[in-house]
Amino acid sequence: PASDPRMMLMESLGDMDGAAVSAKIEGIGDEINDFLDETIIFASYAWTNTRPDVGQAMLGSTDKESGQSYWIGTQMPNMTGGKFGLEYNHGSKNWRPFTYGEDTMIGSKMAVRGSAYEAYWTQPLIDNVFSMQVRYTYLDYDYSGSDGFFGQGGTPISLDDTATLAQYQMDPVDTASDIRVYFRYKY
């Protein structure tokens, strides 16, 4: 029933626009050496803009708010036949991506209002059928609400602004990390 206080009623708060441009280079140089020929580098820039309906709040604001994010990374071969990867991404104060499917217990690195660092090693064990990966992700938040969006839940408040955080009764996470080891079988 709608009178149940645990129930969240879904309603339209407004519209949101987003755009992204990405580039990927597979192989640096032309047959310089195997390492560079098999190295991949990529970069992406993304933008979001909220357009709240009259009287509604998105990202804690009734005004239009724009946010940006950039993401860079590389994957390099290693001597065991696997790949080693490094990635970095940064989201601005009002950044809000369309990433509701999280791939870690700490939340989406692509949703971070702050910086995210990631390193991983992927190793094929049996051809392209069975592989393993070790991955470390570190999130360093600058603003609250990285994984929030609706109403006041996505309000970006600087983590240095303890008075405002207390006013909203928030005790946000400052940093988070995730380490994983997994095995993948492809059939």
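**Exercise 1. The nonpolar patch**

Task: Find which strand gives the largest share of the nonpolar patch in this predicted model.

Solution:
- Strand E7 gives the largest share, three residues.
- Now list the members. Leu125, Ile126, Val129, Val181, Phe183, Tyr185 and Tyr187 make a nonpolar surface patch of about 830 Å².
- Next, assign the elements. Strand E5 (114–126) and strand E7 (175–185) are the elements that give two or more residues to this patch.
- Check one residue: Ile126 lies in strand E5.

**Exercise 2. The largest pocket**

Task: State how much space lies in the largest pocket, and describe its lining.

Solution:
- Start with the volume. The largest pocket holds about 280 Å³ of space.
- Then count the lining: 14 residues. Thr122, Asn128, Ser131, Arg184 and Lys186 lie nearest the centre of the pocket.
- Sort the lining by class. Four residues are nonpolar, six are polar and four are charged.
- Trace the lining to strands. E5, E6 (130–141) and E7 each supply at least two residues.
- Pick the top contributor. E6 gives the most, with three residues.

**Exercise 3. An aromatic pair**

Task: Classify the pair formed by the rings of Tyr70 and Tyr88, and say which parts the pair ties together.

Solution:
- Begin with the total: the structure holds six aromatic pairs.
- Take the geometry of Tyr70 and Tyr88. Their ring centres are 6.1 Å apart and their planes meet at 50°, so the pair is tilted.
- Place the residues. Tyr70 lies in strand E3 (residues 66–77) and Tyr88 in strand E4 (residues 83–91), so the pair ties together parts 18 residues apart in sequence.

Key:
Residues numbered from 1 in each chain as written. Predicted model: local features only at pLDDT ≥ 70, side-chain atom pairs only at ≥ 80, totals over all residues. Heavy atoms only, no water. Patch = residues over 30% accessible without salt bridge, like charges linked within 9 Å, V, L, I, M, F, W, Y side chains within 5 Å. Areas by Shrake-Rupley, 256 points an atom, 1.4 Å probe, with all protein chains shown as cover. Salt bridge = Lys/Arg side-chain N within 4 Å of Asp/Glu carboxyl O. Helix = DSSP H or I, 4+ residues; strand = E, 2+ residues; numbered from the N terminus. 1 Å grid on protein atoms, 1.4 Å probe; cavity = no way out; pocket = protein on both sides within 12 Å on 5 of 7 lines; lining within 4 Å. Points joined across faces, edges and corners; volume = space filled by probe spheres on them. Nonpolar A, V, L, I, M, F, W, Y, C, P; charged D, E, K, R; others polar. Phe/Tyr/Trp six-rings, centres within 6.5 Å; stacked < 30°, edge-to-face > 60°.
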